[in-house]
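Q: Got a minute to go through this one with me? I'd like to talk about the aromatic side chains and what surrounds them.

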Amino acid sequence: MFQPRRVTFVELGDRLREYELKYGYSTIEFYRRIDRGELGDDDDLTMWAGLNHLYLTSLPVRQFMRKEPMPA
């Protein structure tokens, strides 16, 4: 059973690299293949896609939070 937990940005990157090593291609190539319908929709690939989504959406938020506040 899946148990939700917080993960760091570094952990997300590490998990993506694990999938890349397991399947032998980059996450970018994974998205190209899945977009063309070349891959199935098993749980492992769904998890890879989900982790990448979290990675991509959390980076802009992290960058935004680091910016200097705008003067009033």
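A: Sure. This is a predicted model, and tyrosine 19 counts as buried in it, at 8% relative accessibility.

Q: Which secondary structure elements does the protein have?
A: Three helices and zero strands, so to speak α-α-α from the N terminus on.

Q: Back to the rings. How many aromatic pairs are there?
A: The count comes to seven. In one of them, phenylalanine 9 and tyrosine 55 have ring centres 4.5 Å apart and planes at 10°, so that pair is stacked.

Q: Where do phenylalanine 9 and tyrosine 55 lie?
A: Phenylalanine 9 is in helix α1 and tyrosine 55 in helix α3, so the pair ties together parts 46 residues apart in sequence. Phenylalanine 9 counts as buried at 17% relative accessibility, while tyrosine 55 is partly exposed at 25%.

Q: And what does tyrosine 19 pair with?
A: Tryptophan 48, in a stacked pair with 5.5 Å centre to centre and 15° between the planes. Tyrosine 19 sits in helix α1 and tryptophan 48 in helix α3, so this pair links parts 29 residues apart in sequence.

Q: Is tryptophan 48 buried or exposed?
A: Buried, at 0% relative accessibility. Ring pairs also join Trp48 and Tyr19 in a cluster with Tyr23, Tyr25, Phe30 and Tyr31.

Q: What lies over the face of tyrosine 25?
A: Arginine 33, at 4.0 Å from the ring centre.

Q: Switching topic: what does asparagine 52 touch?
A: Leu16, Thr27 and Tyr31, leaving aside residues up to four places away in sequence. Asparagine 52 is in helix α3 and counts as buried, at 8% relative accessibility.

Technical notes
Residues numbered from 1 in each chain as written. Predicted model: local features only at pLDDT ≥ 70, side-chain atom pairs only at ≥ 80, totals over all residues. Heavy atoms only, no water. Helix = DSSP H or I, 4+ residues; strand = E, 2+ residues; numbered from the N terminus. Buried < 20%, exposed > 50% of the residue type's maximum accessible area, 1.4 Å probe, protein only. Contact = heavy atoms within 4.5 Å. Phe/Tyr/Trp six-rings, centres within 6.5 Å; stacked < 30°, edge-to-face > 60°. Lys NZ or Arg CZ within 6 Å of the ring centre and 35° of its normal.
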